[in-house]
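Me: Please take a close look at one part of this protein, the open sheet. In what order do its strands run, and which helices pack on the sheet?

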Amino acid sequence: MITVVGLGCSPSDLSEGGKKAILSAQKVFLRTGETNVCASVKELGVPFETLDYIYSASRNFDTLNRKLAEVILQAAKSTENIVYCVDGSVTEDVSAQIIIKKYKGAQVFDSVAKSAYAFSVAKIFSRTKYAISAYESEKYTRPALPLAVYDLDCDLVAGDVKLRLSELFGDEAQVYFVSGGKAKKISLFELDRQKNYDAFTALVIGEIPLLEKQRFDFEDLTEILRLLRAPDGCPWDRAQTHESIRSNMVEEAYELVDAIDSKDDEKIIEETGDVLMQGVFHSVLGEERCAFTVSDVLSGVCRKLIFRHSHIFGKDKATDADSALSVWERNKKAEKGQKTGGDSVADVPKVFPAAMRAQKVGKRAAKYGYDFKDINEAANKVSEELSELLLAVKEGKKEHVSEEAGDLLFSAVNVGRLAGVDCEESLKESTQKFVTRFCKTEELILADGKKMEDLSYDELWAYYEKAKRALSAKSGEKN
């Protein structure tokens with residue numbers, strides 16, 4: 001029989017059940033003999049063995065707890081009645097949890113938890129509270145508040161916790177440093193600069209009002225949007241609908257792409273935030289209509305990522321980027337119920353920029369064998385479509401000219417696709433190149449005291465060629 005006893009956070013915390021278990025045990029083990037709560041066991045006058053020697057033989061917290069549990073489980077094979085005493089609560093001790101899980105029928109006599117003690121000293125009595133060990137803080141992405149971080153037994157551990165929580169709450173966040181039965185309010189960055197640390201030292205962070213926060217998370221963004229949409233919120237935000245802010249998402253997406261192209265991290269941060277805000281805005285609008293919630297949106301994208309990455313979360317295999325993309329595309333078609341080539345081609349969004357949509361349509365059609373034999377055949381199609389456009393221009397029918405111009409552009413995109421380029425990016429770069437050359441041409445003309453609109457065709461293009469040469473000399477690029 002193994003009985004796990006929590007000793008609590010002071011010698012007076014040991015329960016009557018725990019005392020009886022210790023007094024009747026054949027062998028008593030203490031997780032550590034270096035805390036004041038051991039006095040409650042010593043007062044009982046029973047022999048005991050401490051496991052402090054395992055600490056120095058363990059590389060990390062996980063190894064320590066595994067070894068502690070192994071000692072107790074091994075001892076139980078030769079001794080009928082063993083008691084394992086842990087400081088604080090059984091529920092907060094990882095080694096105790098390992099033993100309880102592996103040894104069926106283990107008895108437990110619990111006591112005051114380190115986190116409960118810390119909250120009490122800090123005088124935080126919220127109904128809902130959260131707690132983590134300082135040795136496990138890296139496992140939590142964004143712990144909720146109010147929060148107690150216990151096991152701050154030295155300044156090195158406190159330093160690790162400080163760095164982790166500063167990223168989440170800001171290094172100026174006001175927290176309580178609990179030690180020696182007292183709570184002192186400090187800034188988070190001071191956590192590893194205190195005088196005393198022991199087994200019951202803890203950090204407590206209370207609720208932080210929205211307007212006092214230095215760092216925010218996804219829930220904060222959602223709350224802000226809900227406040228803006230509330231009856232007493234912002235008149236402009238309250239007036240918006242999915243349709244009225246539809247174009248904002250497109251604009252924000254383009255601004256993010258522009259920030260990425262500029263390689264400006266500050267702008268990338270700002271524009272990524274704007275894109276996220278648009279997504280949350282639509283989610284809050286969905287909530288108000290009782291159509292869907294923010295949780296539905298997040299659950300949907302997580303399910304999609306798991307399903308489409310079956311080479312990571314399932315049984316499929318992918319050894320490189322191309323095979324991973326193949327798995328993704330196959331799963332995507334299955335997810336969307338696309339059974340034919342027409343289903344796949346028609347699924348390309350109509351709101352994409354024209355060149356992008358044309359390239360994606362051509363690429364999807366090619367997967368079903370509907371494509372040119374090679375790039376030369378595609379190039380011949382461009383010549384054919386150009387001839388048809390010129391004939392349409394001679395006819396003078398605007399609708400026909402527009403149709404043939406579209407056919408020419410679509411054919412040109414196919415050539416680019418077969419050449420292995422991103423036509424949207426290529427067109428963007430060529431347009432910018434023209435803008436740069438145009439501005440340089442005008443600059444040279446004005447420098448000569450002339451106006452662009454007054455020049456003849458030949459004079460204008462002579463300046464244009466001069467501008468190209470000047471730009472090429474400056475950048476080292478070819479004409």
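Reply: What follows describes the open sheet and the helices on it, then turns briefly to the largest pocket.

The model is a predicted one. Its open sheet has 5 strands in the order S6-S7-S10-S8-S9, and their pairing is mixed. The edges are taken by strand S6 (130–133) and strand S9 (182–187); each has a single partner strand, so one side of each is left without a neighbour in the sheet. From one strand to the next, the twist averages 25°.

At the S9 edge, the partner is strand S8 (residues 174–179), and these two strands pair in the antiparallel sense over 6 bridges. Within this pair, Ser179 stands opposite Lys182 in S9.

Helix H6 (residues 114–121) packs on the sheet and touches S6, strand S7 (147–150), S8, S9 and strand S10 (202–205). The direction of H6 makes about 125° with that of S7. Helix H7 (residues 155–169) also packs on the sheet, where it touches S7 and S10. The direction of H7 makes about 5° with that of S10.

As for the largest pocket, its volume is about 560 Å³. It is lined by 16 residues, of which Val250, Ala253, Tyr254, Pro353 and Met356 are the closest to its centre. Two elements give two or more residues to this lining, helix H10 (246–262) and helix H19 (423–447). H10 supplies the largest share, 8 residues. By class, the lining has 9 nonpolar, 1 polar and 6 charged residues.

Note on methods
Residues numbered from 1 in each chain as written. Predicted model: local features only at pLDDT ≥ 70, side-chain atom pairs only at ≥ 80, totals over all residues. Heavy atoms only, no water. Pairing = 2+ DSSP bridges. Helix = DSSP H or I, 4+ residues; strand = E, 2+ residues; numbered from the N terminus. Axes fitted to C-alpha atoms, helices over the stretch in contact; angles between N-to-C directions. Contact = heavy atoms within 4.5 Å. 1 Å grid on protein atoms, 1.4 Å probe; cavity = no way out; pocket = protein on both sides within 12 Å on 5 of 7 lines; lining within 4 Å. Points joined across faces, edges and corners; volume = space filled by probe spheres on them. Nonpolar A, V, L, I, M, F, W, Y, C, P; charged D, E, K, R; others polar.
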